[in-house]
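Trainee: Could we walk through this structure together, with the reasoning spelled out at each step?
Mentor: Happily; let us bring it up and begin.

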Amino acid sequence: MSCLKVQNATVQIGEKILLDDVSLSVAPGEVVTVLGPNGAGKSTLMKVISGEQKPSSGNVQLNGRNDWSLQQQALMLGVLTQSSSLSFPFTVEEVVILGRIPCSTDRTQNLAIVEAALKEVDGLHLRDRRYTTLSGGERQRVHMARVLAQIWDETDFGKRYLLLDEPTSALDPAHQQLTLKMARKQAEKGVGVMVILHDLNLAARYSDRLVILKEGGLAAQGTPHEVLTAETLQAVFDVDVTISKHPVHNCPLVINN
Amino acid sequence: MNRSRKSALLLIVLAVLLPAVIVLSVGTGPVAIAPLDIIYILLDRLDITDSQVSDQTRLIVESIRIPRTLMGVMIGSSLAIAGAAMQGLFRNPLADPSIIGVSSGAALGAGIGIVLGSALFAGFSSPLLMDYSVSLLAFGGGVLTTWIVYKMGTTSNGTSVATMLLAGVAISALAGAGMGILNYIADDATLRSLTFWQMGSIGGANWNSVLLCFTLLGPVIFSLCRYGQVLNAVLLGESEARHLGIDVQKTKLKLILVTAMAVGVSVSVAGIIGFVGLVVPHLIRLMAGPDHRTLLPASAMLGGILLLAADMIARTAVAPAELPIGIVTALMGAPFFMSLLWQQRKRIA
């Protein structure tokens with residue numbers, strides 16, 4: 001069955017419950033955004049899905065199975081983490097081509113994919129720059145390109161998914177838009193996208209569905225219209241907002257009071 | 001010229017340079033021997049030629065210079081490639097095999113062998129065991145400290161590199177104290193050999209130690225060369241490498257074991273030779289960038305070349321006496337390392 005599915009996942013470390021009985025799924029072709037205050041368990045959820053953190057109970061299935069090898073999983077699931085510790089002077093091209101490690105294409109094909117992936121994130125002009133000389137936002141886009149390059153080709157194992165942990169945190173407004181448009185484009189190609197965001201309006205504008213976490217548990221789940229209500233946002237984020245209608249697009253608009 | 005061209009060129013240059021330096025090293029010493037004579041001696045052995053090279057020259061080349069040179073190449077290569085692998089694994093360009101405690105543990109083991117060896121092994125009549133007791137204890141000490149440091153850094157969530165680094169510092173301090181005690185209780189003659197051993201030398205090479213180096217270090221160098229792409233991914237971070245389909249935990253364990261082997265064996269046959277593992281990978285990175293697919297084999301070759309160069313200086317600078325090679329590598333390596341830090345400092349400012 002083609003989807004990314006989390007069933008009753010709980011993560012408990014010592015006394016602390018980081019994730020409390022969370023179930024959700026991401027289907028190919030949709031963009032699901034995870035929202036929640038700091039420490040709500042968003043990144044833990046991401047780690048559980050990527051297999052980095054074993055859940056204390058519950059399970060995760062990727063295209064109906066949970067026994068893929070690491071390499072098979074890497075062909076289906078691209079993960080953008082919040083920060084990378086890379087401190088060696090690779091060129092941007094060398095960094096992006098690392099995304100092709102699990103793939104079995106030759107160098108010429110890989111270079112073509114690297115070029116295309118860099119174009120997607122508006123980073124082609126950075127290709128020969130040293131990674132260590134880039135700004136935070138540029139680095140974030142380079143890693144985005146690396147993850148895109150990783151799941152660039154369709155695979156026989158099943159549908160592909162992207163997990164993006166705050167991909168816009170260091171970006172200027174133009175590149176925030178660009179990144180989410182890119183996520184939508186991937187979804188149109190049949191990739192299931194799950195993205196963690198803090199900007200409610202970006203989430204409303206570009207997501208098919210929203211998932212809101214609070215204190216490790218699922219607080220709300222549904223379309224932007226269903227989830228983004230003044231009451232929910234008050235309860236989860238403790239913010240006072242008015243929900244209006246976007247003047248151009250068919251999505252809610254969150255206005256701070 | 002782009003980086004992949006540069007890398008290929010560098011590998012070719014090193015592959016040509018290494019045999020040349022080997023021949024030069026066999027020819028260099030208190031008795032200078034012409035490269036052509038060396039080639040004749042080898043061909044004579046294979047019954048291809050029948051030259052007029054004197055028996056004395058033959059003896060020097062076959063039982064002193066060739067073993068010493070071959071051992072130097074193997075040790076230099078192992079130390080350099082182990083350094084490159086550790087710097088990649090720890091994602092820290094200043095890492096060195098000594099930081100995870102291998103060198104100091106091996107040193108302590110050897111120290112125990114030198115100072116207490118005759119007492120410890122008095123019950124054994126085998127002369128072979130006496131000959132190798134220092135080497136065996138050095139190797140054992142290296143592996144044991146690495147294992148302790150690794151265990152201290154490992155929890156059910158994986159191995160923490162930062163904890164390992166700190167544990168390495170602590171273990172090194174402890175081993176240093178142990179060495180201090182050995183220095184304190186040693187008599188004058190033992191103290192002298194202990195001191196010299198700590199400064200490193202490949203002068204003790206014979207065909208037995210060469211065989212040991214080839215059987216133990218050969219596989220180490222070969223297997224480390226295959227970790228290029230894996231280490232490249234690890235530089236991104238451990239989670240990132242895992243997301244690229246690499247079993248990071250297994251990789252770490254293997255690399256730590258192989259490095260302990262490389263350094264433990266090197267220290268056990270040649271004493272402590274510093275800076276090779278630190279400086280050589282840096283030089284290669286300056287020339288060809290940080291890609292481990294080039295860095296690992298190139299470091300191995302350059303490590304061999306530089307150690308032979310240092311050894312040639314060691315045995316000719318104060319001829320007919322010899323300098324300990326550890327002094328030469330420190331004299332060459334430390335200023336280089338300081339200049340690197342100076343450049344980095346400028347870049348940050």
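Mentor: Before we start, two residues count as in contact if their C-beta atoms, placed from the backbone, lie within 7 Å. Keep in mind too that this is a predicted model.

Trainee: With that cut-off, how many residues does chain B bring to the contact with chain A?
Mentor: The contact draws on both chains, with 21 residues from chain A. On the side of chain B that touches chain A, the elements giving two or more residues are helix H9 (228–235) and helix H10 (238–243) of chain B. By class, that side has seven nonpolar, seven polar and six charged residues. The number from chain B is 20 residues.

Trainee: Is H9(B) mostly enclosed or open, and why?
Mentor: The buried residues of H9(B) are B:Val230, B:Leu231, B:Asn232, B:Ala233, B:Val234 and B:Leu235. They pack against H3, H10, helix H11 (248–270) and helix H13 (292–316) of chain B. Because six of the eight residues of H9(B) are buried, the helix is largely enclosed by the rest of the structure.

Trainee: Which residue following H9(B) has a positive phi?
Mentor: Look along the backbone after the helix for a phi near 130°. The residue with that positive value is B:Gly237.

Trainee: Let us turn to chain A. How does its radius of gyration fit a compact globule?
Mentor: Chain A has nine helices and 11 strands, and its C-alpha trace spans about 55 × 40 × 35 Å along the principal axes. Buried residues make up 47% of its 257 residues. A compact globule with 257 residues would have a radius of gyration near 18 Å, so chain A agrees with its value of 18 Å.

Trainee: Among contacts in chain A between residues at least 6 apart in sequence, what share joins residues at least 24 apart?
Mentor: Start from the contacts in chain A whose residues are at least 6 apart in sequence, then keep those at least 24 apart. The share is 66%.

Trainee: What is the strand order in the open sheet of three strands in chain A?
Mentor: Strand E1 (residues 4–13) and strand E2 (residues 16–26) of chain A run antiparallel and are joined by seven bridges. E1(A) also runs antiparallel to strand E4 (residues 57–62) of chain A, through five bridges. E2 and E4 of chain A each pair on one side only, as edge strands. The order is therefore E2-E1-E4.

Trainee: Which residue is the bridge partner of A:Val6 in E4(A)?
Mentor: In E2(A), A:Val6 has A:Leu24 as its bridge partner. Elsewhere on the E4(A) side, A:Leu4 stands opposite A:Leu62. For A:Val6, the partner in E4(A) is A:Val60.

Trainee: Which residue takes a positive phi in the hairpin of E1(A) and E2(A)?
Mentor: The hairpin has two residues between the strands. The phi in question is near 65°, and the residue is A:Gly14.

Trainee: At what angle to E1(A) does H1(A) run?
Mentor: Helix H1 (residues 42–50) of chain A is largely enclosed because eight of its nine residues are buried. Among them are A:Leu45, A:Met46, A:Val48 and A:Ile49. H1(A) lies across E1, E2 and E4 of chain A, and its angle to E1(A) is about 120°.

Trainee: Which strands run parallel to E6(A)?
Mentor: Strand E6 (residues 161–165) of chain A is largely enclosed, because five of its five residues are buried. On one side are A:Tyr161, A:Leu163 and A:Asp165, and on the other A:Leu162 and A:Leu164. Four bridges link it to strand E5 (residues 77–80) of chain A, with A:Leu80 partnered by A:Leu164. Five more bridges reach strand E7 (residues 192–196) of chain A, so the parallel strands are E5 and E7 of chain A.

Trainee: Which residues have the most contacts inside the largest nonpolar core?
Mentor: That core has 173 residues, and its largest share, 15 residues, comes from helix H3 (residues 55–89) of chain B. One of the residues sought, A:Leu163, has contacts beyond its sequence neighbours that include A:Met46, A:Leu77 and A:Met194. The full set is A:Val96, A:Leu163 and B:Ala85.

Notes: Residues are numbered from 1 along each chain as its sequence is written. Chains are lettered from A and ligands numbered from 1 in the order in which they are written. This is a predicted model: local features need pLDDT of at least 70, side-chain atom pairs count only at pLDDT 80 or more; totals for chains, interfaces and linings use all residues. Ala, Val, Leu, Ile, Met, Phe, Trp, Tyr, Cys and Pro count as nonpolar, Asp, Glu, Lys and Arg as charged, and the others, Gly among them, as polar. Two strands pair if DSSP finds at least two bridges between them. A nonpolar core is a set of buried Ala, Val, Leu, Ile, Met, Phe, Trp, Tyr and Cys residues joined through C-beta atoms within 7 Å. A residue is buried if 20 or more other C-beta atoms lie within 10 Å of its own, exposed if 12 or fewer, and partly exposed in between; C-beta atoms are placed from the backbone. Axes are lines fitted to C-alpha atoms, for helices over the stretch in contact, and angles run from 0 to 180 degrees between N-to-C directions. The radius of gyration is taken over C-alpha atoms; the globule rule is 2.2 Å times the number of residues to the power 0.38. Lists of a residue's contacts leave out its neighbours within four places in sequence.
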